[in-house]
Amino acid sequence: MTVKKEASGHRSVQAEVEVPGTPEAVWRAIATGPGISAWFVPTDLEERAGGTTVSHFAEDNSMDSVAKITTWEPPHRFVAETQEGGPGPVATEWSVETRSGDTCVVRVVHRWFASTDDWDGQFEGHAHGWRAFFRLLRAYLAHFPGQRAASFQLMGITSGPKAAAWETLTRPLGLAGATAGTRVRAPEGVPALGGVVESSGPSEWPDLLLQLDTPAPGLAHLFPLEMGGQVFVTVRCFLFGEQAPAAKAHAEASWRAWMARLFPPAAPQPVR
């Protein structure tokens, strides 16, 4: 996705997706903490202008993204502004546009000011990333609308390359080369995982989205991300239903132990 550039130096990049549901149902999924947490990352959100939204990208809160809500117009539009991850303030606008046939278009637009092209690649990457997360949003609204998730996210870190890290994760699970519509069942000796592949990303931006029946009804999102010379291999599971909390506790422990063996932490370097 290309960056839109204006003569004034203002720039923007956007991504959008058509999803099932009324504007009110879609709004709950993108503009409330429980809704966002059911398909994205654990999020706290104050539902008002002047409120704060905090997205927790790591368990220890070391990768929190904090933004202030500057515009709040439910159920169609809100804007949040952050000082992080850009050349200056970055405004992210979310909008919900009604379409016929009980669907809506969700659009996210990042806007910033820059006098050089130095940040364009990063924001183009953000837009590509939203494509993958929007597949999760669409699957959530199609299969589990309005439900709260019992979720967990785990991350392994390796020196790469990204393709090798992705192969290391997916092959033991029986997911290497899996495409949309493939029914999968992980073999013995790895975390319990079964269901149908909803979608798979392109080779340059690989990811897998699964609709789960094992360990419980839900969604799983697996993907590698290159950043700072390392590859962060991420597994996110969103489980729904009465059995979800118990299933989550067991599954998280199993995945945590397996990921630690697959991507062992680097040994600390001796002090000289």
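The following exercises, with worked solutions, concern a predicted model of a protein chain.

**Exercise 1.** Determine how compact the protein chain is for its length.

*Solution.* Begin with the secondary structure: the chain contains five helices and 14 strands. Next, take the radius of gyration, which is 19 Å. The globule rule gives 19 Å for 272 residues, so the chain is as compact as a globular protein of that length. Finally, consider the contacts with a separation of 6 or more: 53% of them join residues 24 or more positions apart.

**Exercise 2.** Establish whether Asp207 is buried or exposed, and identify the side chains with which Asp207 makes polar contacts.

*Solution.* First, locate the residue: Asp207 lies in the loop between β11 (194–200) and β12 (208–214). Second, apply the cut-off: a residue is buried if its relative accessible area is under 20%. The value for Asp207 is 3%, and Asp207 is therefore buried. Third, examine the polar contacts of its side chain. One, of 2.5 Å, is made with the side chain of Arg135; another, of 3.0 Å, reaches the side chain of His221. Beyond four places in sequence, the residues in contact with Asp207 include Ala132, Trp166 and Phe223.

**Exercise 3.** Describe the aromatic rings of the structure, and state which ring the charged end of Lys162 sits over.

*Solution.* A search of the whole structure yields 16 aromatic pairs. Ring pairs then connect a cluster whose members include Trp27, Trp39, Phe40, Trp130, Phe133 and Phe223. Phe223, one of these members, is also among the contacts of Asp207. Lastly, the charged end of Lys162 is placed over the ring of Trp205, at 5.3 Å from the ring centre.

Conventions
Residues numbered from 1 in each chain as written. Predicted model: local features only at pLDDT ≥ 70, side-chain atom pairs only at ≥ 80, totals over all residues. Heavy atoms only, no water. Phe/Tyr/Trp six-rings, centres within 6.5 Å; stacked < 30°, edge-to-face > 60°. Lys NZ or Arg CZ within 6 Å of the ring centre and 35° of its normal. Helix = DSSP H or I, 4+ residues; strand = E, 2+ residues; numbered from the N terminus. Rg over C-alpha atoms; globule rule 2.2 N^0.38 Å. Contact = heavy atoms within 4.5 Å. Buried < 20%, exposed > 50% of the residue type's maximum accessible area, 1.4 Å probe, protein only. Polar contact = N/O pair within 3.5 Å; in protein donor to acceptor, adjacent residues only side chain to side chain.
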